[in-house]
Amino acid sequence: MKERIQRFGKSLSSMVMPNIGAFIAWGFITALFIPTGWWPNASLGQFVEPMLRYLLPLLIAMTAGRHVAGDRGGVIAAVAVMGVILGSDIPMFIGAMAIGPFAGWVIRSFDRWAEGRIPAGFEMLVNNFSVGILGIVCALIGFYAVGPVISALTVFLSAGVSLMIEHGLLPLVAVFIEPAKVLFLNNAINHGIFSPIGIEQARQTGQSIMFLLETNPGPGLGVLLAYWAFARGAARSSAPGAIVIQFFGGIHEIYFPYVLMRPAIIVAPIVGSAAAILFYSLTGTGLTAVASPGSIIAVAAMAPKGETLLVLAGVVVAAAVSFFVAAPIVKRAHLEEVKPVQKPNGTVIGGTSRAPRALEGPIRTVVFACDAGMGSSAMGATRFRKRIEPLGSGVRVTNSSVDTIPEGTDVVVCQSQLSQRAGKAAPASEVIVIGNFLSDPALDGLYGRIEGQTRASEAPQSEEVPAAAIPAAPASEMLTLQGIRTGLAPVGKEEAIRAAGALLAACGYVDGEYAEAMVARERVATTYLGMGIAIPHGTAEAKSRIRRSGIVVMQYPEGVDFGEERAQLVIGIAGAGDEHIEILARVTSALEDEEVLRRLKTTDDPRYILEKLAI
C-alpha cells in the first residue's frame, strides 16, 4: 500500500517538478508587479493572468502526456488541456494533471492498436490525423466533464480550507503533512494538492497560507538542531551539513532519515508545523506564490510586501517548537549514528534483500535516486562525484528519479524507503541502500570498490609480530590491547573470521560457538565495508552467545581476500546492544584520513590502534 501511495504521489509531482522554473517566474512577476506587489506596474502585471490560466496548465499537461507517450503524448495533452482550461473559470492545475495522463494514454493505446495496420506510405497521415482527431475528443471531454468536476472539487476544497481557518482547525493538517513528507510524498502533497488551491486563493487575495503548509523549513530545522546539540557519533557530526542543505538548499529529504531512525521524533515536526500554521492563521500571513524548493531563500522571496518579517517569524516558531520537542527524545535515546532502516551494505534487487552481487565487469555508472530525482539525489551524486574525482576512475555519477533509472546503470544508491521501487525500475542493477547521503558506511564501501578497480592495492610489507600475550584491560572496555593483533600473515577469509571469533572468546566477549555464527553470517552477505576494512559478526540467532559487547582488531598488512577485495583490517564484533557503534563510527571517520588509515593497516604498535579506535 505504501509503495502504491508513493507511486501515485510520484506521478503527481513528476508533472509539476520539471516546470518549477515557470512557477517561480510567475511567482516573481506576481510578487513584483501586481497592484499590491513590491513595484506595481499595470503593463507588466498583464503577464500574471495569461501565465496562470494558460501557460502553467499547458506545461503540466504536456509534461504528463510526454511521460506517458513521448512527444505525441505531449502534443495531444496540450490540445486536450485547452478544453479543460476553457471549461472552467479557475486555474486548471488539477485538471491538467487529470487530462494530461489520460490524453497520453489514449494516443498510446491507439498507436499500439494501429501498429502493423497502417498501409505503407500513409504513416505520417495517420499519425498526424490521429493526434488531431483524438485530441479534439479529449478536449471535448475536458470541456464538458473534467473542467466542471475539477471546478466543483476546487470550490469544495477551498471552502473546507476556509472553514478550517475560520474555526482555527487548519493546524491539524500538520498531523498528515509531516508523516507524508517522511514517506517521500512531500512533492506530491505540495504541488499536487496545496499549490493548486493556493494559486486560486492568491489570484483572488494576492497571497495564500497554502504555500506555507509544506514548504516551511522550520520543522525540519528544529529536528536537525536537536541532533546537532544532543546526539552522538555520526548523527551529530552530519547534522550541521544537513542543516545547510535543508534550510538554505531547500532539500527537505535530508532530514527524513533522522526522523526514521527514531520514529517517535515525528512528533516534533508535527507540533512545530502546527504551531507555525497557527501563527500564520492568526496573523493572516501567506505567500504570493509557491516557494520551491522549500528554502528559506525561496520562502522569503515569495513573501508579500510588508510581511517578510511575519513569514520569517513563522519559520522561527516552527524551528523552535520542533527543537524543544525533539531535544529530549534525542537526548534520552543517546543516538550514536545515523542508522539506515536496513543494513548499510544491504543490497535490494527486485524488492528482496539479497547478498550484494558482483558485477560482471567494472563499475561504470552510479546513479543516486530519490523520489523526484531533483533534490536529495542530486546532492548525494554531487558529493560522491567530488569524492571520487581524485581517483581518476572514469566512473560516471549522476542522479535520477527512482522510477526512471537509466538503462545500463551498474549501481543504484537510494534510501531504504525507495529500495523496492529502485529494484523494480532497475532489475539488472545492484541497489545499495543508505540511510544518510552525508555519512553512510555503504557509500564508503562503494568508494572502496571504485578505488580498488582503479588502483592496484600495494599493501606495505611489515615484519610479522608474534601475537604476544598482553595483560587484559578492565572488563568494562570494549576494545583493549588484548583484543588487537598486528602483523598477521595472510590467511583465507573464513580462517580470518574464525580467528577473530576465537579472540573475541579469549577476551571474554562471547562463547566459543560464536565464531561459527560469524562464518555463517558472512556466507549470507559480505561484511566487507571497503577501503581494506571488514567487520565480521554473528547472525541474529547467535545473540545468546554474546556475554558482553566487544570488538577485536586483526591486522593483515598483506590483506585477506573478501571476494574481489582485500581487507587489511578484520574487525570482529560482538554487539549485545548498541554500545559498540561508537568504535565503528571512529573506523568510518578514519577512512577520511588516508594517513591514519594507512598506519592502522601497517603499524606494529597495538597502542596506536587502540588510541585511534577506542572510546
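The following dialogue between a student and a tutor works through a predicted model and asks how its labels are earned.

Student: Why is glutamate 430 called buried?

Tutor: Buried means under 20% relative accessible area, and glutamate 430 has 1% relative accessibility, so it counts as buried.

Student: How do you know that strand β6 is mostly covered?

Tutor: In β6, which spans residues 430–434, 5 of its 5 residues are buried. Glu430, Ile432 and Ile434 point one way from the strand, while Val431 and Val433 point the other way, and all are buried. In a regular strand the side chains alternate between the two faces of the sheet.

Student: What makes β5 and β6 a pair of strands?

Tutor: Two strands pair if at least two bridges are found between them, and 5 bridges join strand β5 (residues 411–415) to β6, with the two running parallel. As one example of this bridging, valine 411 has glutamate 430 as its bridge partner in β6. Together with helix α14 (residues 419–425), β5 and β6 make a right-handed β-α-β unit.

Student: What makes the contact between glutamate 430 and arginine 449 a salt bridge?

Tutor: A salt bridge needs a side-chain nitrogen of Lys or Arg within 4 Å of a carboxyl oxygen of Asp or Glu, and for the side chains of glutamate 430 and arginine 449 the N to O distance is 2.9 Å, so the pair qualifies. This pair links distant parts of the chain, since glutamate 430 lies in strand β6 and arginine 449 in helix α15 (residues 441–454), 19 residues apart.

Student: How do you know that lysine 493 and glutamate 522 also form a salt bridge?

Tutor: Their closest N and O atoms are 3.9 Å apart, and the cut-off is within 4 Å, so the pair meets the rule. Here too distant parts of the chain are linked, with lysine 493 in helix α16 (residues 493–506) and glutamate 522 in helix α17 (residues 514–524), 29 residues apart.

Student: Are lysine 493 and glutamate 522 buried or partly exposed?

Tutor: Glutamate 522 has a relative accessible area of 6%, and because the limit for buried is under 20%, it is buried. Lysine 493 has 27% relative accessibility, which lies between 20% and 50%, so lysine 493 counts as partly exposed.

Student: Why are glutamate 494 and arginine 498 said to be separated by about one helical turn?

Tutor: They are 4 residues apart in helix α16, and therefore about one helical turn separates them. These two form a salt bridge as well, with the closest N and O atoms 3.6 Å apart, and Glu494, Arg498 and Glu516 are linked in a network of salt bridges. By this rule the count for the structure comes to 11 salt bridges.

Student: Why is tryptophan 105 called partly exposed?

Tutor: Its relative accessible area is 45%, and because partly exposed covers the range between 20% and 50%, the label fits tryptophan 105. Tryptophan 105 is found in helix α4.

Student: Which residues make the nonpolar surface patch?

Tutor: A patch of about 760 Å² is made by Phe102, Trp105, Phe122, Leu125, Phe129, Ile133, Val137 and Ile141. Helices α4 (93–114) and α5 (123–166) each supply at least two of its residues, and α5 gives the most, with 5 residues.

Notes:
Residues are numbered from 1 along each chain as its sequence is written. This is a predicted model: local features need pLDDT of at least 70, side-chain atom pairs count only at pLDDT 80 or more; totals for chains, interfaces and linings use all residues. Side-chain values use heavy atoms; hydrogens and water are left out. Patches are made of residues with over 30% relative accessible area and no salt bridge: like charges are joined within 9 Å, nonpolar side chains (Val, Leu, Ile, Met, Phe, Trp, Tyr) within 5 Å. Accessible areas come from the Shrake-Rupley method with a 1.4 Å probe; for residues, only the protein chains shown count as cover. Buried means under 20% relative accessible area, exposed over 50%, partly exposed in between (1.4 Å probe, protein chains only). A crossover is right-handed if, with the strands pointing away from the viewer, the path from the first strand over the helix to the second runs clockwise.
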